[in-house]
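User: I would like to go through this model with you, beginning with the contacts and then moving to individual residues. Could you take me through it?

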Amino acid sequence: TIQLSGEKEWEVCPGDNQTMDSRALADAPRNQFEQKLAPPPQERTVHSLRPGSVLYLPPGHWHAVAATKGSSVSVDLRVANIIH
């Protein structure tokens, strides 16, 4: 994520790196595979992003995002896992 304007807080905790997608902390399971995943750990890290900040979130990590000061604009770039 590249923060362009405004500010956001990202609450992040580790997940399963074999998962193809990142997961929002508040998301309900979308399929049987996700129903079998362990719930997110209670230990979480908060990252504050301001214009020009960059955050890399590996696939499978849990996250929640909230704008902290007015309007906020960011760009997310997604890189898929390569499966052999």
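Analyst: Certainly. Of the contacts in the protein with a separation of 6 or more, 83% are between residues 24 or more positions apart. Please bear in mind that this is a predicted model.

User: What does the secondary structure come to, and in which order do the elements run?
Analyst: The protein has one helix and four strands. Starting at the N terminus, the order of the elements is β-β-α-β-β.

User: And how much of it is buried?
Analyst: Of the 84 residues in the protein, 24% are buried. The accessible surface comes to about 6000 Å², and carbon and sulfur atoms account for 53% of that area.

User: Which residues make up the largest nonpolar core?
Analyst: Five residues do: Trp10, Val12, Leu49, Leu55 and Leu57.

User: Take Leu55 from that set. Where does it lie, and is it buried or exposed?
Analyst: Leu55 sits in the loop between β3 and β4. Its relative accessibility is 14%, so it counts as buried, the cut-off for that class being under 20%.

User: What does Leu55 touch outside its own stretch of chain?
Analyst: Beyond neighbours within four places in sequence, Leu55 is in contact with Thr1, Trp10, His47 and Leu49. The C-alpha atom of Leu55 is also 6.7 Å from that of Ile2, although 53 residues separate the two along the chain.

User: And Leu49, what are its contacts?
Analyst: Not counting residues up to four places away, Leu49 touches Thr1, Gln3, Gly6, Glu7, Lys8, Trp10 and Leu55.

User: Gln3 is on that list. Is Gln3 buried or exposed?
Analyst: Gln3 is buried, because its relative accessible area is 1%. The residue belongs to strand β1, which covers residues 2-13.

User: What lies 2.7 Å from a polar atom of the Gln3 side chain?
Analyst: The backbone oxygen of Ser5 does.

User: Which residues further along the chain is Gln3 in contact with?
Analyst: With neighbours within four places set aside, the contacts of Gln3 are Lys8, Leu49, Arg50, Pro51, Gly52, Ser53, Ser72, Val73 and Ser74.

User: Let us look at Ser53, then. Where is it found?
Analyst: Ser53 is in the loop between β3 and β4. At 22% relative accessibility it is classed as partly exposed. Apart from residues up to four places away, Ser53 touches Thr1, Ile2, Gln3 and Ser48. Between Ser53 and Thr1 there are 8.1 Å from C-alpha to C-alpha, with the two 52 residues apart in sequence.

User: Changing topic: how many salt bridges does the structure hold?
Analyst: The structure holds one salt bridge. The side chains of Glu11 and Arg44 form it, at 3.4 Å from N to O. Glu11 is in strand β1 and Arg44 is in the loop between α1 (32-35) and β3 (45-49), so the pair ties together parts that are 33 residues apart in sequence.

User: Are Glu11 and Arg44 buried or exposed?
Analyst: Neither word fits, since Glu11 is partly exposed at a relative accessible area of 28%. Arg44 is likewise classed as partly exposed, at 32%.

User: Which residues in strand β3 can you comment on?
Analyst: One of them is Val46. Setting aside neighbours within four places, Val46 is in contact with Glu9, Trp10 and Glu11. Val46 and His63 are 17 residues apart in sequence, with a C-alpha to C-alpha distance of 9.5 Å.

User: And what about Ala66?
Analyst: Ala66 lies in strand β4 and is partly exposed at 40% relative accessibility. Leaving out neighbours within four places, its contacts are Glu7, Lys8 and Glu9. The C-alpha atoms of Ala66 and Trp10 are 6.8 Å apart, with their positions 56 residues apart in sequence.

User: Last topic, the surface. Which residues make the nonpolar patch?
Analyst: Ile2, Leu4, Val54, Val73, Val75 and Leu77 make a nonpolar surface patch of about 530 Å². The elements that contribute two or more residues to it are β1 and β4 (62-75).

User: How exposed is Val75?
Analyst: Val75, in strand β4, has a relative accessible area of 35% and is therefore partly exposed.

Note on methods:
Residues numbered from 1 in each chain as written. Predicted model: local features only at pLDDT ≥ 70, side-chain atom pairs only at ≥ 80, totals over all residues. Heavy atoms only, no water. Core = buried A, V, L, I, M, F, W, Y, C linked by side-chain atoms within 4.5 Å. Buried < 20%, exposed > 50% of the residue type's maximum accessible area, 1.4 Å probe, protein only. Contact = heavy atoms within 4.5 Å. Polar contact = N/O pair within 3.5 Å; in protein donor to acceptor, adjacent residues only side chain to side chain. Salt bridge = Lys/Arg side-chain N within 4 Å of Asp/Glu carboxyl O. Patch = residues over 30% accessible without salt bridge, like charges linked within 9 Å, V, L, I, M, F, W, Y side chains within 5 Å. Areas by Shrake-Rupley, 256 points an atom, 1.4 Å probe, with all protein chains shown as cover.
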